[in-house]
Structures are given as C-alpha cells and as structure tokens.
Amino acid sequence: GSLQRIAEALGLTVAYLLAQTGTASAVVRKAGREALRSEWSKATVEPLVSASADERLQAVLTRLDPGGRTGVTSYAPGRRLFAYCTAGLAIAILNEPVEELSLEAGDSIVVDGPRTVAWENRSEGLTELLVVTARLS
C-alpha cells in the first residue's frame, strides 16, 4: 500500500519502482524477476512486466501466506484493477462502499477507481493473485 502511494505521488507505477536498472524488454524471464517480500504482512509481490516511467499498465504476482495481507492500495479515478486468483482463497476488501469479496482459484474481479483495495488470505494455504492495473486515460 505504501509503495503504491509513493508511486502514484511520483506519477510512476509500482512495477517501475521495483524494476531493475537496465533496458526494458518485451520478455520478462522468471529467473530475472526480483520479488519484494514483506515479513510483517506475510506477502510477496513480484513484477511481471518491464516497467517504464510512463507505463500505463502494471502486472504483479502477489503471494499471501496463511494469515497474510496487503496494505490498502488506493486506485485513482481513471485506473482499473483486474485480479485473477490462481491459487487458494483471497478476500478483496474494498471501500466506498465497504464490501468484502471472496475469490477462489479461477475467480476474477474488476475494480474501477476511485476505490481502495486490500487483499487477505484467511485460509490455511498459500494464496496467489495475478493483479493487473491500467491507467485508462
């Protein structure tokens, strides 16, 4: 959540902030990706696309250990989030209006900004989400 707020304040994407230095490539190799691990939240975020400062699209793989959760991420107007649960059980906690949506493996969700989203894993197994955000304008 904090990283998302910093990126938005700078007019960047989280993927750009996490990107390794060097030339962006159309292919992002699994071996070349570096994941960001947060022990306090029991979450790992791994960028899936090469990033540039003006990127309109970002995609990350989010893994939540049992009991794991992300920080609250704010999506501004003109941003759209798509998330696909690849494994486990994810709880999307949204506000304005407040609601909790449960996603099992194979389920997906689309959320338009302005809205905030946090993810939780209330299960006893690993949860994995593909999260794609796009700037629409």
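Colleague: In this predicted model, which residue is the bridge partner of Thr 62 in β10?

Modeller: Strand β3 comprises residues 57-64, and β10 comprises residues 127-135. These two strands run antiparallel and are joined by eight bridges. In β10, the bridge partner of Thr 62 is Leu 129.

Colleague: Is strand β3 largely enclosed or largely open?

Modeller: Buried denotes a relative accessible area under 20%. Six of the eight residues of β3 are buried. The strand is therefore, with respect to the rest of the structure, largely enclosed.

Colleague: Which residue of β3 stands opposite Ala 43?

Modeller: Strand β2 spans residues 43-47. Its pairing with β3 is antiparallel and rests on five bridges. Opposite Ala 43, in β3, stands Leu 64.

Colleague: Which residue of β2 stands opposite Arg 37?

Modeller: Strand β1 covers residues 36-38. Three bridges pair β1 with β2 in the antiparallel sense. The residue of β2 that stands opposite Arg 37 is Thr 44.

Colleague: In what order do the six strands of the open sheet lie, and which are the edge strands?

Modeller: Strands of a sheet pair through backbone hydrogen bonds, either parallel or antiparallel. Here the pairing is antiparallel, and the order is β1-β2-β3-β10-β5-β8. An edge strand pairs on one side only, and this holds for β1 and β8. The twist from one strand to the next averages 20°. The edge strands are thus, by the one-sided pairing, β1 and β8.

Colleague: Is Val 110 buried or exposed?

Modeller: Val 110 belongs to strand β8, residues 108-112. Together with Phe 82 and Tyr 84, Val 110 forms a nonpolar patch on the surface, with about 250 Å² of accessible area together. The relative accessibility of Val 110 is 52%, so Val 110 counts as exposed.

Colleague: Where is the loop that holds Pro 97, and what is the omega of the peptide bond from Glu 96 to Pro 97?

Modeller: Pro 97 is placed in the loop between β6 (89-94) and β7 (99-104). Most residues other than glycine have a negative phi, and most peptide bonds are trans. The bond from Glu 96 to Pro 97 is cis, and its omega is near 0°.

Colleague: What is the phi of Glu 96, and is Glu 96 buried or exposed?

Modeller: Glu 96 lies in the loop between β6 and β7. Although Glu 96 is not a glycine, its phi is positive, about 55°. With a relative accessibility of 56%, Glu 96 counts as exposed.

Colleague: What is the omega of the peptide bond from Gly 113 to Pro 114?

Modeller: Pro 114 is found in the loop between β8 and β9 (115-120). The bond from Gly 113 to Pro 114 is cis, with omega near 5°.

Colleague: What phi does Lys 42 have?

Modeller: The loop between β1 and β2 is the place of Lys 42. At 38% relative accessibility, Lys 42 counts as partly exposed. Lys 42 is not a glycine, yet its phi is positive, at about 55°.

Colleague: Which residue of β9 stands opposite Ala 92?

Modeller: An open sheet of four strands has antiparallel pairing in the order β4-β9-β6-β7. Its edge strands, each pairing on one side only, are β4 (73-75) and β7. Within this sheet, four bridges join β6 to β9. Opposite Ala 92, in β9, stands Trp 119.

Technical notes:
Residues are numbered from 1 along each chain as its sequence is written. This is a predicted model: local features need pLDDT of at least 70, side-chain atom pairs count only at pLDDT 80 or more; totals for chains, interfaces and linings use all residues. Side-chain values use heavy atoms; hydrogens and water are left out. Patches are made of residues with over 30% relative accessible area and no salt bridge: like charges are joined within 9 Å, nonpolar side chains (Val, Leu, Ile, Met, Phe, Trp, Tyr) within 5 Å. Accessible areas come from the Shrake-Rupley method with a 1.4 Å probe; for residues, only the protein chains shown count as cover. A salt bridge is a side-chain nitrogen of Lys or Arg within 4 Å of a carboxyl oxygen of Asp or Glu. Buried means under 20% relative accessible area, exposed over 50%, partly exposed in between (1.4 Å probe, protein chains only). Two strands pair if DSSP finds at least two bridges between them. Axes are lines fitted to C-alpha atoms, for helices over the stretch in contact, and angles run from 0 to 180 degrees between N-to-C directions.
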